[in-house]
Amino acid sequence: MAVFLLVCVVLIPFLRKKLFQNDQEQIDIQTDLTVSEWEGAPPIQVELLTPNSYSRPQIALEQVNGIVIHYTGNPGSTAQQNRDYFESLKDTHATKASSHFVIGLDGEVIQCIPSSEWAYTSNDRNKDTLSIECCHPDETGQFNGATYQSLVELTGWLCKRFGLTSEDVIRHYDVTGKECPKYFVDHEDAWEQFKRDVQNYEDSLS
C-alpha cells in the first residue's frame, strides 16, 4: 500500500502536467478558451515562437481592440518559412518582427504568438491588436483563393471571439502608411470587399 501511494504521489502531478501541456498545445488562442469556441475557425497549426526579445517578448496584451492585416512582401514564400524566419531572430538579432498568425499559399494557418501577447508587427498598435501575415504568389501582393478564404474565416472568427466587427479590421497601411498589404492598398475596392466578406462570415457564426 505504501508503495502504491508513493507511485500515485509521484505520477499524478506528472500526468496532470503533461495533460495540461497537451491542452495548451491544442487550445492556445487564450488560456480560457474551450474547444467549442474554435467552431468557425479555419484549422490552426500552433507553432509558438520561443520566448525571446526579438520576436516573442511575452508582453501582455491588455485588450484586443483590432486586427491588422499584413502581407509578407516575400513572393512565393510559405507560411512555415515566414514562421521560421521569426523564430530565427532569437539567434540573428537582425530585427524585431513577428506575427500572431501566418496564412500560407495553400490556406494553412500557423499561429506563432498567443493572442494574449504582443507581436512585433504593427508598430504603435502592437499593444492592442492581433496581426495576420499573408503569403502571396507574386509581386502584386494579391492573395490567391486559398489564402483569401482562410483570411476571411480567421479574421471573421477572431472578430467574433473578441467582440469586434469588420470596422475594427485595418491594414498595416492604416497604422504607418506603409504599402502593406500591397494589393489592398493599391485596390481600395478589394479592401472594402474583404471587409464585407469578413462581416458576412462573422454574422454567419452562431
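**Notebook: aromatic rings, cores and Gln199**

I began with the rings: Phe143, Tyr148, Phe184, Trp191 and Phe194 form one aromatic cluster. For pairing, I took rings of Phe, Tyr and Trp (its six-membered ring) with centres within 6.5 Å; planes under 30 degrees apart count as stacked, over 60 as edge-to-face and the rest as tilted.

Notes to self on the source: this is a predicted model, where local features need pLDDT of at least 70, side-chain atom pairs count only at pLDDT 80 or more, and totals for chains, interfaces and linings use all residues. Residues are numbered from 1 along each chain as its sequence is written, and side-chain values use heavy atoms, with hydrogens and water left out.

How many aromatic pairs does the whole structure have? My search found six. I looked up Phe143 and Phe184, which make an edge-to-face pair, 5.6 Å centre to centre with 90° between the planes. This pair links distant parts of the chain: Phe143 is in the loop between strand 5 and helix 3, Phe184 is in helix 5, and 41 residues separate them. (Helices, H or I of at least four residues, and strands, E of at least two, are DSSP runs numbered from the N terminus.)

Are Phe143 and Phe184 buried or exposed? Both are buried, meaning under 20% relative accessible area, with exposed over 50% and partly exposed in between (1.4 Å probe, protein chains only).

Next I checked the largest nonpolar core (buried Ala, Val, Leu, Ile, Met, Phe, Trp, Tyr and Cys residues joined through side-chain atoms within 4.5 Å). It has 33 residues, and Ile132, Leu151, Leu154, Leu158 and Phe194 touch the most other members. Helix 3 (145–162) and helix 6 (188–204) are among the elements that each supply at least two residues of this core. Helix 3 gives the largest share, seven residues.

I then followed Phe194. Leaving aside neighbours within four places in sequence, Phe194 is in contact (heavy atoms within 4.5 Å) with Ile69, Tyr148, Leu151, Val152, Thr155, Val169 and Phe184. Apart from the largest core lies another, of 11 residues, including Leu49 and Cys135.

Last stop was Gln199, in helix 6. Why does Gln199 count as buried? Because its relative accessibility is 18%. Not counting residues up to four places away in sequence, Gln199 touches Thr165 and Ser166. A polar atom of the Gln199 side chain lies 2.9 Å from the backbone nitrogen of Ser166. I also looked at Val169: its C-alpha atom is 9.9 Å from that of Gln199, 30 residues apart along the chain.

How values were computed: Polar contact = N/O pair within 3.5 Å; in protein donor to acceptor, adjacent residues only side chain to side chain.
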